[in-house]
Amino acid sequence: MSIIIDDELCTGCASCVANCPFGGIEIIDNIAVITEECTLCGACIDACPVEAITLEREEYIDKVDKTQYKGVWVIAEHYKGVIHKVAYQLLGRGRELANKLKVNLVLVLLGDRFDNLLKDFAEYGADEVIYIKSSLLKNYYSDLYVSMLAELIQERKPEIILIGATPTGRDFAPRIAKKLNAGLTADCTGLEIEEETGNLLQTRPTFGGNIMATIRTPTSRPQMATVRPGIFKAVKVSKKDIKVTKIVKDFEEKDSVTKIVKIIDKQKKKANLEDAEIIVSGGRGVGSKEKFKIVEELANVLGAELGGSRVTIELNWLDQDHQVGQTGKTVAPKLYIACGISGAIQHLVGMENSEIIVAINKDPNAPIFNVAHYGIVGDLHQVIPVLIEEIKKMKQEE
């Protein structure tokens with residue numbers, strides 16, 4: 001895009017200069033001139049009283065031969081020799097996408113000492129594993145990941161690439177997308193194949209989680225998406241043969257601009273929501289930090305982790321690591337109990353994949369009941385003490 005100024009129409013009135021928030025236009029010899037500070041915001045166009053300024057858009061020409069791109073890839077990551085669980089979750093969803101497109105599902109792994117694990121990925125639906133092996137890749141090097149993966153993608157041309165929306169994935173995914181001039185959708189909560197075109201439909205929350213946007217990248221390949229851990233489930237399939245492609249690299253420290261001096265483990269978080277089998281969460285309806293103790297007691301008697309909606313963190317009722325939702329953790333426990341949570345979309349995207357959802361809310365029209373398997377309409381401060389008492393009785397009988 002570019003800003004075009006018609007010299008014959010421009011009167012040099014400077015209305016555009018006064019309305020430009022970036023200093024991107026100035027008057028020279030009674031004619032408006034665009035400067036390097038211009039951001040193409042278009043404020044000058046609306047401000048011009050004689051319509052001398054226009055925004056010229058270049059027509060996009062699709063130069064990508066999409067017929068050359070086949071296959072669904074999952075890029076795995078690891079830490080201290082352990083494959084991140086999101087890789088298995090993405091294989092589960094990737095298998096479904098690959099089946100619809102009738103293509104292969106490939107897992108790509110950069111690392112060291114994973115030779116004995118490679119064939120195990122067949123149990124999670126992978127048709128092939130591409131293993132880039134180097135002793136240096138036992139740790140994460142951003143520039144090596146980007147260069148190696150970009151080269152591999154350009155050579156093999158997958159049509160879809162799925163990456164975990166972890167700190168590591170969020171680091172290298174956009175770098176690869178930029179290098180390949182490919183589309184990337186971050187933090188997806190849904191992935192489908194469009195029947196008519198075969199394009200990947202990537203759904204994610206937007207505008208603070210108030211709406212769900214479905215994004216397509218029909219004019220570029222590959223189609224890239226990052227997905228938060230816990231959105232999809234790891235699914236084991238009948239064990240089958242798997243093709244293993246091993247690429248051995250002799251990387252040395254000098255090959256990277258990064259030098260790892262020391263790895264410091266983060267202090268263990270108080271809440272381990274992502275691995276919990278049972279989570280009891282509270283929302284604004286609990287009433288106060290003091291009243292939250294009843295929710296905590298229910299969690300304790302069930303041996304559950306304690307969670308909360310965003311507002312409970314903002315009100316300082318709970319610490320940040322207890323937050324469930326779009327800006328917190330995405331969870332998929334066997335049992336999720338929502339106490340006094342209305343069910344805003346920001347919260348639902350973080351827990352809707354739970355196996356069993358129980359909602360306790362005094363508002364019968366609360367959106368949380370739309371996703372709950374079991375609902376209790378009532379005052380949580382009356383309902384929860386009864387639940388606690390009955391659970392204690394059951395435990396004593398055991």
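Contact here means heavy atoms within 4.5 Å. Keep that cut-off in mind when a helix is said to lie across strands. The model on screen is predicted.

**Stop 1: the domains**

Colour the chain by its domain assignment. Domain 1 covers 2-56, domain 2 covers 66-255 and domain 3 covers 278-397. Now look at the first two together. Their C-alpha centres, for domain 1 and domain 2, lie 45 Å apart.

**Stop 2: a loop in domain 1**

Select Glu-51. This residue sits in the loop that links α2 (43-47) to β4 (53-56). Check its backbone: phi is positive, about 55°, yet Glu-51 is not a glycine. Most residues other than glycine have a negative phi.

**Stop 3: the three-stranded sheet**

Move to domain 2, residues 66-255. Show β12, β13 and β14. They form an open sheet in that order, with antiparallel pairing. The edges are β12 (190-193) and β14 (211-215); each has a single partner strand, so one side of each has no neighbour in the sheet. From one strand to the next, the twist averages 25°.

Zoom in on β13 (residues 200-206) and β14. Five bridges hold this antiparallel pair in register on the display. For one of these pairings, label Thr-206: its bridge partner in β14 is Ile-211.

Next, add helix α3, residues 85-101. Which strands does α3 lie across? The answer is β12 and β13, and the helix runs at about 15° to β12.

**Stop 4: a cis peptide bond**

Follow the chain out of β14. Pro-222 is in the loop between β14 and β15 (223-227). Select Arg-221 as well. The peptide bond joining Arg-221 and Pro-222 is cis, with omega about 0°. Most peptide bonds are trans.

**Stop 5: the five-stranded sheet**

Go on to domain 3, residues 278-397. Display its strands in the order β18-β17-β19-β20-β21: this is an open sheet of five strands with parallel pairing. Here β18 (305-308) and β21 (374-377) stand at the edges; each has a single partner strand, so one side of each lacks a neighbour in the sheet. Ignoring direction, neighbouring strands are turned by 15° against each other on average.

Pick out β19 (residues 335-339) and β20 (residues 356-361). They pair in the parallel sense over five bridges. Label Ala-338 and find its bridge partner in β20, Ala-359.

**Stop 6: two helices on the strands**

Turn on α6, residues 293-302. This helix lies across β17 (278-282), β18 and β19, and runs at about 175° to β17. Then turn on α9, residues 380-397. Helix α9 lies across β19, β20 and β21, running at about 130° to β20.

**Stop 7: where α6 meets α9**

Keep both helices and hide the strands. At what angle do α6 and α9 pack? The angle is about 20°, and the axes are 10 Å apart. That makes α6 roughly parallel to α9, because angles under 35 degrees count as roughly parallel. The crossing of the two helices, α6 and α9, is left-handed.

Finish with side chains:

- In α6, show Ile-294, Val-295, Glu-297, Leu-298, Val-301 and Leu-302.
- In α9, show the residues they meet, among them Leu-380, His-381, Ile-384, Pro-385, Leu-387 and Ile-388.
- Ile-391, Lys-392 and Lys-395 are also on the α9 side of this contact.

Colour this α6 and α9 contact by class: eleven residues are nonpolar, one is polar and three are charged.

Conventions:
Residues numbered from 1 in each chain as written. Predicted model: local features only at pLDDT ≥ 70, side-chain atom pairs only at ≥ 80, totals over all residues. Heavy atoms only, no water. Domains from an automatic or database assignment. Axes fitted to C-alpha atoms, helices over the stretch in contact; angles between N-to-C directions. Helix = DSSP H or I, 4+ residues; strand = E, 2+ residues; numbered from the N terminus. Parallel < 35°, antiparallel > 145°, perpendicular 65-115°, else oblique. Left-handed = near helix turned anticlockwise from the far one by under 90°. Nonpolar A, V, L, I, M, F, W, Y, C, P; charged D, E, K, R; others polar. Pairing = 2+ DSSP bridges.
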